[in-house]
Amino acid sequence: MAKDKPPQKQPGKEKYMNPAPVSEDPNYKPIKKLLGKIALITGGDSGIGRATAILFAKEGAEISIIYQTSDEDAKDTQRTIQELGVDCILIKGDVGDKSFCEDAVAQTIRKFKRLDILINNAAEQHVAENIEDISESQLLKTFRTNIFSMFYLVQAAIPYLKKGASIINTASVVAYQGREQLIDYASTKGAIVSFTRSLAENLAKKGIRVNTVSPGPIWTPLIYSTFSRSKLAKFGKDTPIGRPGQPYEVATGFLFLASNDSSYITGQTIHINGGHAVNG
């Protein structure tokens, strides 16, 4: 059906979503769990990344945000963070480019002189009805954005991450359940789970923890710009909770894994998916 298209073109803009996603819990009371920390967050302009950046700022961290195209969303997120009394810089570029990732880490170090938390959150997805519909260029781009970028950023960040640092990667429930129209995307998310487990073992001797947050159906610009209006009307209603999650409900998982509350947790995945039981 010609009219049954996504309401926005990818990657989507949070400001123009209807209804708007909820980035902040109005009842949240921070206690400065991340005071003095520096966090680098990819895809931090909107959705889960935005909510995480704001929550980290409330907890005292200063923030470096990587984003690709959505200037308006990025500047709005930066303004929100700065109004909390902490600093935030914006770095625009493609995380699928190794040299850009190296420069983004360098900019963060120049500005803040240290790096304590790396959030690998940026991702893209494209619907394909059949596997033969996935072009070589789409396949390469999805893997570059979703998993190659994590290698690039961790490699660039390692010289600056000290004992007690935390790396947190964003996977997805589709890594465990699969999704028939998102084969390449789901494959990258499965790779992220294995990347996390292996990297956690590799960095444990340095005192650096590595974990994953695996969201289910969360109301974000990526969803709003990927799926048709008819699918969006049903989005998240098949969860036991019966609704899609909001970005702020995922951000708390990142906060837990970034803080000392999770000091004995590494190589693990937190599932924030509305009640779907998954193995792993």
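In this predicted model, helix 1 (residues 47–58) and helix 2 (residues 71–82) have axes that come within 9 Å and cross at roughly 15°. Helices here are DSSP runs of H or I with at least four residues, strands are runs of E with at least two, and both are numbered from the N terminus. Axes are lines fitted to C-alpha atoms, for helices over the stretch in contact, and angles run from 0 to 180 degrees between N-to-C directions. That crossing makes helix 1 roughly parallel to helix 2; the label covers angles under 35 degrees, with over 145 being roughly antiparallel, 65 to 115 roughly perpendicular and the rest oblique. The crossing of helix 1 and helix 2 is right-handed, a word used when the near helix is turned clockwise from the far one by less than a right angle, while anticlockwise is left-handed. On the helix 1 side, the contact (heavy atoms within 4.5 Å) is made by Arg50, Ala53, Ile54 and Ala57, and on the helix 2 side by Asp76, Thr77, Thr80 and Ile81. Sorted by class, this contact of helix 1 with helix 2 has 4 nonpolar, 2 polar and 2 charged residues. Ala, Val, Leu, Ile, Met, Phe, Trp, Tyr, Cys and Pro count as nonpolar, Asp, Glu, Lys and Arg as charged, and the others, Gly among them, as polar.

A second helix pair is helix 3 (residues 98–112) with helix 4 (residues 136–157). Axes of helix 3 and helix 4 come within 9 Å and cross at roughly 40°, which means helix 3 is oblique to helix 4. This crossing of helix 3 and helix 4 is right-handed. Helix 3 brings Lys98, Cys101, Glu102 and Val105 to the contact, and helix 4 brings Ser149, Tyr152, Leu153, Gln155, Ala156 and Ala157. By class, that gives 6 nonpolar, 2 polar and 2 charged residues.

Next comes the sheet. It is an open one of 7 strands in the order 3-2-1-4-5-6-7, with parallel pairing; two strands pair if DSSP finds at least two bridges between them. In general, strands of a sheet pair through backbone hydrogen bonds, either parallel or antiparallel. Strand 3 (88–92) and strand 7 (269–272) sit at the edges with a single partner strand each, so one side of each has no neighbour in the sheet. Strand 1 (residues 38–42) and strand 2 (residues 62–67) pair in the parallel sense over 5 bridges, and threonine 42 has isoleucine 66 of strand 2 as its bridge partner.

Helices also lie across these strands. Helix 3 lies across strand 1, strand 2 and strand 3, running at about 160° to strand 3. Helix 9 (residues 247–258) lies across strand 4 (117–120), strand 5 (166–170), strand 6 (209–215) and strand 7, running at about 170° to strand 6.

Aromatic rings add 2 pairs to the picture. Rings of Phe, Tyr and Trp (its six-membered ring) pair if their centres lie within 6.5 Å; planes under 30 degrees apart are stacked, over 60 edge-to-face and the rest tilted. Phenylalanine 151 and phenylalanine 195 have ring centres 4.6 Å apart and planes at 45°, so this pair is tilted. The pair links distant parts of the chain, with phenylalanine 151 in helix 4 and phenylalanine 195 in helix 6 (residues 183–203), 44 residues apart.

Two backbone details turn up in the segment before strand 1: proline 19 is found there, and so is lysine 32. A cis peptide bond, with omega about 0°, joins asparagine 18 and proline 19. Lysine 32 has a positive phi of about 60° although it is not a glycine.

Residues are numbered from 1 along each chain as its sequence is written, and side-chain values use heavy atoms, with hydrogens and water left out. As this is a predicted model, local features need pLDDT of at least 70 and side-chain atom pairs count only at pLDDT 80 or more, while totals for chains, interfaces and linings use all residues.
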